[in-house]
Amino acid sequence: MGEAMIRGFLESGVSHPSRLSASVRSSARATALSRLGVTRVFQDAVKSGGAAALAASARVIFLGVKPQGLPEVLAALAPHVGPQHLVVSIAAGVRLATLEAGLGAGVRVARVMPNTPMLVGQGASAYALGSAAGERDAALVHALLSGVGMALHVDERCMDAVTGVSGSGPAYAYMMIEAMADGGVQAGLPRATALALAAKTVAGAAAMVLGEGADGALDLTHPGVLKDRVGSPGGTTIAAIAELENSGVRGAFMRAVRAAAERSAAMG
Ligand SMILES: NC(=O)c1ccc[n+]([C@@H]2O[C@H](COP(=O)([O-])OP(=O)(O)OC[C@H]3O[C@@H](n4cnc5c(N)ncnc54)[C@H](OP(=O)(O)O)[C@@H]3O)[C@@H](O)[C@H]2O)c1
């Protein structure tokens, strides 16, 4: 995910390789980031005592390790972060209070739930701010995330639900696209044709829901309204919808989102 963010920041132009430092564990990942052009790649800075140099090289520090690896990273960084830093965690389920306790009182922190379509500039991220972070921090996080998709400021209480909808959500959409393509193949389409049609249909339908106002702001249309416009009486679409309703698809999606949100809450 961290690499996806770096790629997104670079491809969208919101950052430049010369302004980025990264710390990773393996030489394979270090090589991958160097190939992206990241100028300063620290290898195992946390264990090798390089956290001071890492912190000195950055004003905004993104933490992209797994939640269980975070305590070690926070402990290594804590002596070296100060008022000049904004620390942004993308770890699922890890609370702002945990970040603040690990880094020390007064450190400006933010918690972000990104998702992988960020890699192609189509991310859906939500962020919440710690008690010491201010409007300028919000604007900075917003600008960085907006460069690689949509960014929404939410109350931290919403973060587990955000994880269930958008953090884990790309997987649900991939399953839907795969299943639609399978149906197309079953109905006689070549695999590549079915997959392309299914993926573009999902992307196009999402664009219809999202819309866009004159100033670039979201102009949401209720999906039920759009769905009703597609289903003509006695037609093909309503026949398909009846099958989906009989299969309990809506309930399955709702339970999936809730399961992910509950898992996120349990990880905190
Ligand atoms: N995957 C998603 O779709 C998604 C979505 C939203 C949020 N997240 C969050 O993003 C975080 C990362 O998830 P992921 O799936 O990207 O995990 P991942 O592929 O395992 O990536 C973790 C990265 O952290 C590095 N790392 C681990 N320990 C380190 C240490 N002590 N010092 C420096 N670097 C260290 C790893 O380096 P090496 O590769 O060299 O070991 C690796 O590059 C998680 O907290 C997750 O909750 C993920």
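Leaving aside its neighbours within four places in sequence, which residues is Ala124 in contact with? In this predicted model, the residues that Ala124 touches beyond that sequence window are Met113, Pro114, Asn115, Met150 and Ser166. Ala124 itself belongs to strand β6, and a further point of reference is Gly167, which is separated from Ala124 by 43 residues in sequence and by 8.0 Å in space, taken from C-alpha to C-alpha.

The strand that holds Ala124 can be placed within a sheet. Five strands make up this open sheet, which has mixed pairing and follows the order β3-β4-β5-β6-β7. Its edge strands are β3, covering residues 60-63, and β7, covering residues 149-153, each of which pairs on one side only. Averaged over the sheet, and with direction ignored, neighbouring strands are turned by 25° against each other.

Strand β6 spans residues 123-129 and pairs with β7 in the parallel sense, the two being joined over five bridges. Within this pairing, Ser125 has Ala151 of β7 as its bridge partner. A helix also meets this part of the sheet: α7, made up of residues 159-167, lies across both β5 (108-113) and β6, and runs at about 40° to β5.

From the sheet we can turn to the ligand, which is surrounded by 18 residues, the closest being Met1, Ser26, Arg29, Val65 and Ala92. By residue class, this shell divides into 11 nonpolar, four polar and three charged residues. Two of the polar approaches involve oxygen atoms of the ligand: a polar side-chain atom of Arg29 lies 2.9 Å from a ligand oxygen, while a backbone N or O atom of Ala92 lies 2.8 Å from an oxygen atom of the ligand. On the nitrogen side, a ligand nitrogen atom is found 3.4 Å from a polar backbone atom of Ser23. As for the surface of the ligand, which on its own has 900 Å² of accessible area, the protein covers 78%.

A last stop is Gly268, which is located in the segment after helix α12, a helix that comprises residues 249-267. Which residues does Gly268 touch, not counting those up to four places away in sequence? With that exclusion applied, Gly268 touches Gly93 and Arg95. Thr31, by comparison, is 237 residues from Gly268 in sequence, and the C-alpha atoms of Thr31 and Gly268 are 32 Å apart in space.

Methods
Residues numbered from 1 in each chain as written. Predicted model: local features only at pLDDT ≥ 70, side-chain atom pairs only at ≥ 80, totals over all residues. Heavy atoms only, no water. Near = heavy atom within 4 Å. Polar contact = N/O pair within 3.5 Å; in protein donor to acceptor, adjacent residues only side chain to side chain. Areas by Shrake-Rupley, 256 points an atom, 1.4 Å probe, with all protein chains shown as cover. Nonpolar A, V, L, I, M, F, W, Y, C, P; charged D, E, K, R; others polar. Pairing = 2+ DSSP bridges. Helix = DSSP H or I, 4+ residues; strand = E, 2+ residues; numbered from the N terminus. Axes fitted to C-alpha atoms, helices over the stretch in contact; angles between N-to-C directions. Contact = heavy atoms within 4.5 Å.
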